[in-house]
Amino acid sequence: MHDLLRCLGWHIVRRESPFPGKRSRLWLDDNAHKYETRSSWRVEDAHNVLTENTGTTAVESLFLSLPEKEVICLNSDPFLTMSKLRLLKIWNVNFVDVLLSYPSKNLRLLEWHECPLESLYSWFTSELLLVELKLPNSRIERLWDVSVYQLINTLVHMDLSYCRYLIMTPHLGAVPNLETLILEGCTKLLDVVDYSYMHHPHLVLLNLKGCVSLRKLLEMMNLTSLRTFVLSRCTNLQEFPQIMGNMDTLELYLDGMAFGYLPEQLRGLILLSLKGCKNLQKLPLSICSMTSLKFLYLSSCSSIQTLPEDIGHLEYLEELDMCETAIREVPESISSLKNLKLLCFHGCAELRMPYILPGLISLRTLNLGGCNFAEGDITDETGIGTLISLQSLDLSENNFSSIPESISKLPELREISLRGCDNLELLLGDPPASAKNVDIRGCTMLTNCSDEWLRLASDEGLRIRNFRKWDYRRPLMSLSVQFDEFHETSCPLVIRWLQESPHINIQIRKCFDFKLMLSPLQFGRPFHFSSSSFSLSFVLFVFAELSRTPGRSRRLV
């Protein structure tokens with residue numbers, strides 16, 4: 001919401017009554033510090049209603065959200081007189097010296113960060129109309145007693161994330177219409193043995209990420225509506241449960257798990273994320289039958305050396321991330337993935353350059369950085385010049401001295417990264433007409449390239465960064481140059497650029513804080529030479545060189 005609309009709402013509500021406790025809404029939010037000079041009344045009104053217990057049945061919404069923690073001392077329970085309260089949010093506020101009862105049976109939203117209560121037994125009754133319950137970082141140990149729970153048909157969303165004292169999962173039989181359950185970071189949660197989890201008809205999201213003490217799940221779960229299931233970093237979980245029902249729309253996150261294999265009965269899925277599963281050695285053959293799979297993430301699975309030969313059967317696969325794995329060869333069937341848009345092998349030091357690229361007609365992002373490719377490994381024969389949809393190409397941190405000229409024929413290519421290619425010497429041919437960004441930081445051996453690489457491809461220009469051995473006799477058209485480390489040998493180069501280039505922006509880092517502004521009359525047009533810092537000796541050198549030109553005004557700031 002725009003700040004002006006927020007302020008307008010505050011003023012409209014303030015006109016409801018001269019007494020804050022008789023207004024429908026009270027705010028003490030985390031943006032209060034922005035308006036302290038013109039609307040400090042908001043802070044005073046909300047604070048006084050609580051401390052003086054002046055709230056009435058007119059109050060329907062109370063938001064207490066502060067940028068820093070604050071302790072508020074109460075003489076009595078301020079919520080007893082707010083029987084029509086529907087929305088309550090408490091963040092960075094601690095109440096002391098009072099035992100709080102449930103705010104209101106009309107409450108729809110209860111969001112209380114760091115709630116000090118250990119249980120909410122007395123709060124949950126059959127008359128409750130709560131829709132969202134959010135108690136992150138609270139001291140809750142259990143929500144309600146399984147033997148005496150009441151049905152809460154209205155509750156849809158429950159967030160108990162980072163409740164580090166929670167030892168038992170809430171009984172879902174009490175909330176038959178629950179759609180979202182977030183238990184992320186509940187580090188003392190031991191087991192999920194509640195059979196209400198087994199056949200929950202409406203649960204869409206179940207997040208158990210980071211429940212490091214979790215040892216056991218139900219052997220079988222029939223969650224027909226489940227769309228997102230997160231078990232990432234449940235490092236003590238020994239077996240994966242069998243999920244019954246339709247899984248063709250399920251997103252399954254198993255990042256950082258400790259098991260060494262996946263069950264063969266795993267099927268369906270639209271997304272499978274196994275990032276950082278360092279003990280996982282191979283994928284089950286059944287994965288090739290997941291025809292609905294669109295996203296497969298295996299980055300940092302350092303024990304995986306191969307992919308299934310029939311991975312090409314995943315006809316709807318759009319993203320395949322194999323970064324920092326031990327993979328050596330790519331199956332030929334991968335060329336059948338006509339819908340693949342992202343393919344990443346960054347950091348796969350043992351990888352042989354795949355010759356399966358021509359079939360990837362939809363590929364937009366290709367990352368082959370850090371693969372130790374030498375001269376001759378990436379050639380036109382690999383089919384890299386046939387990727388007609390490619391927009392981003394990462395060849396950084398490799399050992400070749402040149403790149404194939406066929407890259408210049410890619411019609412959609414916008415970004416090329418050659419960063420850290422220490423042996424790169426030449427950039428031959430013309431760059432792609434659509435190129436906007438060329439990153440050659442750390443290419444210390446690069447001495448020359450075609451003039452076309454320096455021409456503007458768009459209004460944003462071409463960025464070439466951090467080169468030491470450039471042939472400064474080459475003319476520049478329009479260029480933005482960034483020196484991460486500036487060397488004295490680059491001074492003549494910069495002087496020539498300043499004198500001859502019609503538009504240029506030069507950035508230099510790691511020196512003193514100076515700014516050099518030269519008169520527009522000196523070169524017939526304005527230009528700006530900026531730096532987070534550069535040495536005084538360089539400034540004087542540039543000033544002296546420019547001063548040699550007679551009959552021109554100069555200005556040093």
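Select Arg-352 to begin: with a relative accessible area of 57%, this residue is exposed. The model on screen is a predicted one. The side chain of Arg-352 meets that of Glu-329 in a salt bridge, with 2.8 Å from N to O. Colour both residues and follow the chain between them: Arg-352 lies in the loop between β16 (342-344) and β17 (365-367), whereas Glu-329 lies in the loop between β15 (319-321) and β16. The bridge thus joins distant parts of the chain, 23 residues apart. Glu-329, at 48% relative accessibility, counts as partly exposed.

**Further salt bridges**

The structure as a whole contains four salt bridges. Side chains of opposite charge can pair when their charged atoms come close.

Next, select Glu-114 and Lys-69, which form one of these bridges, their closest N and O atoms being 3.3 Å apart. Here too the pair links distant parts of the chain, 45 residues apart: Glu-114 sits in the loop between β4 (109-112) and β5 (132-134), and Lys-69 belongs to strand β2. Lys-69 is exposed, with a relative accessible area of 56%, while Glu-114 is partly exposed at 30%.

Then move to Arg-86 and Glu-60, whose salt bridge brings the closest N and O atoms to 3.1 Å. Arg-86 is in the loop between β2 (61-73) and β3 (87-96), and Glu-60 is in the loop between α3 (41-51) and β2. The two are 26 residues apart, and their pairing links distant parts of the chain. Arg-86 is partly exposed, at 30% relative accessibility. Glu-60 is also partly exposed, with a relative accessible area of 26%.

**Helix α1**

Now select residues 3-14, which make up helix α1. From first C-alpha to last, the twelve residues of α1 reach 17 Å, close to the 16 Å expected at 1.5 Å a residue. Which residues of α1 are buried? They are Cys-7, Trp-10 and Val-13. Turn the view to look down the axis of α1: the buried residues fall within an arc of 125°, so they line one face of the helix. An α-helix has 3.6 residues a turn, so residues three or four places apart point the same way. On the other side of α1, show Leu-4 and Leu-5, both of which are exposed.

**Glu-239 and the second largest cavity**

Go next to Glu-239, in the loop between β10 (228-230) and β11 (242-244). Glu-239 is exposed, with a relative accessible area of 60%. Add Arg-215 to the selection: its C-alpha atom is separated from that of Glu-239 by 8.5 Å, and the two residues are 24 apart along the chain.

The last stop concerns empty space inside the model. Rolling a probe the size of a water molecule over the atoms shows where empty space is left. The structure holds two cavities of 30 Å³ or more, and the second largest cavity has a volume of about 40 Å³. To display its lining, select Phe-240, Pro-241, Gln-242, Ile-243, Met-247, Pro-263, Gln-265, Leu-266 and Arg-267. By character, this lining divides into six nonpolar residues, two polar and one charged.

Technical notes. Residues numbered from 1 in each chain as written. Predicted model: local features only at pLDDT ≥ 70, side-chain atom pairs only at ≥ 80, totals over all residues. Heavy atoms only, no water. Helix = DSSP H or I, 4+ residues; strand = E, 2+ residues; numbered from the N terminus. Expected span 1.5 Å × (residues − 1). Buried < 20%, exposed > 50% of the residue type's maximum accessible area, 1.4 Å probe, protein only. Arc of directions from axis to C-beta. 1 Å grid on protein atoms, 1.4 Å probe; cavity = no way out; pocket = protein on both sides within 12 Å on 5 of 7 lines; lining within 4 Å. Points joined across faces, edges and corners; volume = space filled by probe spheres on them. Nonpolar A, V, L, I, M, F, W, Y, C, P; charged D, E, K, R; others polar.
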